[in-house]
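Here is a friendly briefing to read alongside the model. Have the viewer open and follow the topics in turn.

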2 protein chains.
Amino acid sequence: MSGPDGKAGNGLSKQRLRLWVNLLRTTRLIEADLREEMRTAYRTTLPRFDVLSALERHAGGLLMGELSRHLMVSNGNVTGIVERLVSDGLVERLAVEGDRRAILVRLTQAGAAAFAAMAAEHEDWVDRRLAAIGHDEAQTVIDTLSSIREDRP
Amino acid sequence: MSGPDGKAGNGLSKQRLRLWVNLLRTTRLIEADLREEMRTAYRTTLPRFDVLSALERHAGGLLMGELSRHLMVSNGNVTGIVERLVSDGLVERLAVEGDRRAILVRLTQAGAAAFAAMAAEHEDWVDRRLAAIGHDEAQTVIDTLSSIREDRP
DNA sequence: GGATTTTATTTCAAGTATAAATTATATAAA
DNA sequence: TTTATATAATTTATACTTGAAATAAAATCC
């Protein structure tokens, strides 16, 4: 399974591994930068920002499960983050008419305001961090990444 | 700072944000797959694999701090992961001649063997996960990601 | 209608992660 | 020397993260 003729272990396999390592290193590097900005400028964390961001894109609110799927993190994880956001007054939980299992999570006014302030600067940070990349170059990478995500068994 | 004419908030800035979101989502998706494979096939985790992998590439061993920099995670984090690997017998800590603060971490024979078994399959998983990508397409993305990493203030 | 299964969420234990504080050692400067 | 500063690693407190088990409510089956 790893000789020069096997399905893996050949040049293409190694190249794909290089791509994965590059993907991972670059993402971690940018994440570390963004986390640092979040921490120093807003005393908050990336996961909290991600939750607010997802809720901002869904004005009507999201169920816990939808939130978990959007963020691609586990159910139990979201419970904890939302809990802290609720106690900070940025987010509220609402009962769902007709399904007493479900819980709708929504930005409060304070949460929407806090997010708006952060979002503009966040875009700015990303813009600076990716300053070396032009529109078309970005599009090329976006297309490749999309094709990776869509190619799931 | 976010009108259509500002340095951010324009089309290019939005495109870079899209690129970042794509980067993050794709990396998380692949990471989740790999974590699942690691867990079911080897009862281990990605961070442990990453440590073994770094040590395998440095036969002479690495200092805790070097390990932390290689993996781009915090110092205290490495302490914990190495601790568990030591108690599993996969890694050993050695005193450093001439510097009593430092600790050299190295694979044991068992650790090297365990890693070798995992590494081949890991490459295979990545190969399958990125099956949609050809050599040149991968290279294009690698180049872009490298230019991002190198463009640091 | 009642039993079964599925769905939505929380709880739990273990592990991963950070930043800040601490310990111990090394190096430089006075 | 003595003092000051820097470096290597750990410890601590808190937060994030997962997978599995537990709860509770809804939907489906018979």
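In this predicted model, 100% of the interface residues of chain B are also interface residues in chain A, so the copies meet through the same surface. The contact (heavy atoms within 4.5 Å) takes 56 residues from chain A and 56 residues from chain B. Two DNA strands, C and D, also have protein residues around them.

**Conventions**

- The model is predicted, so local features need pLDDT of at least 70 and side-chain atom pairs count only at pLDDT 80 or more, while totals for chains, interfaces and linings use all residues.
- Residues are numbered from 1 along each chain as its sequence is written, chains are lettered from A and ligands numbered from 1 in the order in which they are written, and side-chain values use heavy atoms, with hydrogens and water left out.

**How the two copies are related**

- A turn of 180° with a shift of 0.0 Å along the axis lays chain B on chain A with an RMSD of 0.1 Å (least-squares superposition on the C-alpha atoms of residues with pLDDT of at least 70 in both copies).
- The two copies are therefore related as by a two-fold rotation axis.
- Which residue of chain B comes closest to the rotation axis? B:Val141 does, with its C-alpha at 2.9 Å.

**The interface between chain A and chain B**

- About 6100 Å² is buried between chain B and chain A, 60% of it on carbon and sulfur atoms; buried area is the accessible area (1.4 Å probe) that two parts lose on being put together, summed over both.
- On the chain B side, B:Arg16, B:Trp20 and B:Glu123 lose the most area to chain A, together 12% of what that side buries.
- The interface holds 7 salt bridges (a side-chain nitrogen of Lys or Arg within 4 Å of a carboxyl oxygen of Asp or Glu).
- A:Arg28 and B:Asp50 meet through their side chains in a salt bridge, at 3.4 Å from N to O.
- Polar contacts across the interface join 33 residue pairs, both residues at pLDDT 80 or more; such a contact is a pair of N or O atoms within 3.5 Å, and within protein one must be able to donate a hydrogen and the other to accept it, with residues adjacent in sequence counting only if both atoms are side-chain atoms.
- Helices α1, α3, α5 (109-129) and α6 (135-150) of chain B each supply at least two residues of the side that touches chain A; helices (H or I, at least four residues) and strands (E, at least two) are DSSP runs, numbered from the N terminus.
- α1(B) gives the most to this side, with 21 residues.
- By class, the side of chain B that touches chain A has 23 nonpolar, 15 polar and 18 charged residues (Ala, Val, Leu, Ile, Met, Phe, Trp, Tyr, Cys and Pro count as nonpolar, Asp, Glu, Lys and Arg as charged, and the others, Gly among them, as polar).

**DNA strand C**

- DNA strand C is surrounded by 27 residues, the closest being A:Gly65, A:Arg101, B:Thr45, B:Ser74 and B:Arg84 (near means one heavy atom of the residue within 4 Å).
- Sugar or phosphate accounts for 79% of the strand C atoms within 4 Å of the protein, and bases for the rest.
- A polar side-chain atom of A:Arg101 lies 2.6 Å from a base oxygen of DNA strand C.
- Phosphate oxygens of strand C lie 2.6 Å from a side-chain N or O atom of B:Arg84 and 3.2 Å from a polar side-chain atom of A:Arg39.
- The largest share of the surface near strand C comes from α4(B), with 4 residues.
- That surface has 8 nonpolar, 9 polar and 10 charged residues.

**DNA strand D**

- Of the 26 residues around DNA strand D, the nearest are A:Ser74, A:Arg84, B:Gly65, B:Thr79 and B:Arg101.
- Sugar and phosphate make up 82% of the strand D atoms that come within 4 Å of the protein.
- A:Arg84 places a polar side-chain atom 2.3 Å from a phosphate oxygen of strand D.
- Polar backbone atoms also lie by phosphate oxygens of strand D, at 2.9 Å for A:Arg100 and 3.3 Å for B:Met64.
- α4(A) supplies the largest share of the surface near strand D, 4 residues.

**Salt bridges over all chains**

- The whole structure has 21 salt bridges over all chains.
- One of them joins the side chains of A:Glu83 and A:Arg93, at 4.0 Å from N to O.
- A:Glu83 lies in helix α4 of chain A and A:Arg93 in strand β2 (residues 91-96) of chain A, so this pair ties together parts that are 10 residues apart in sequence.
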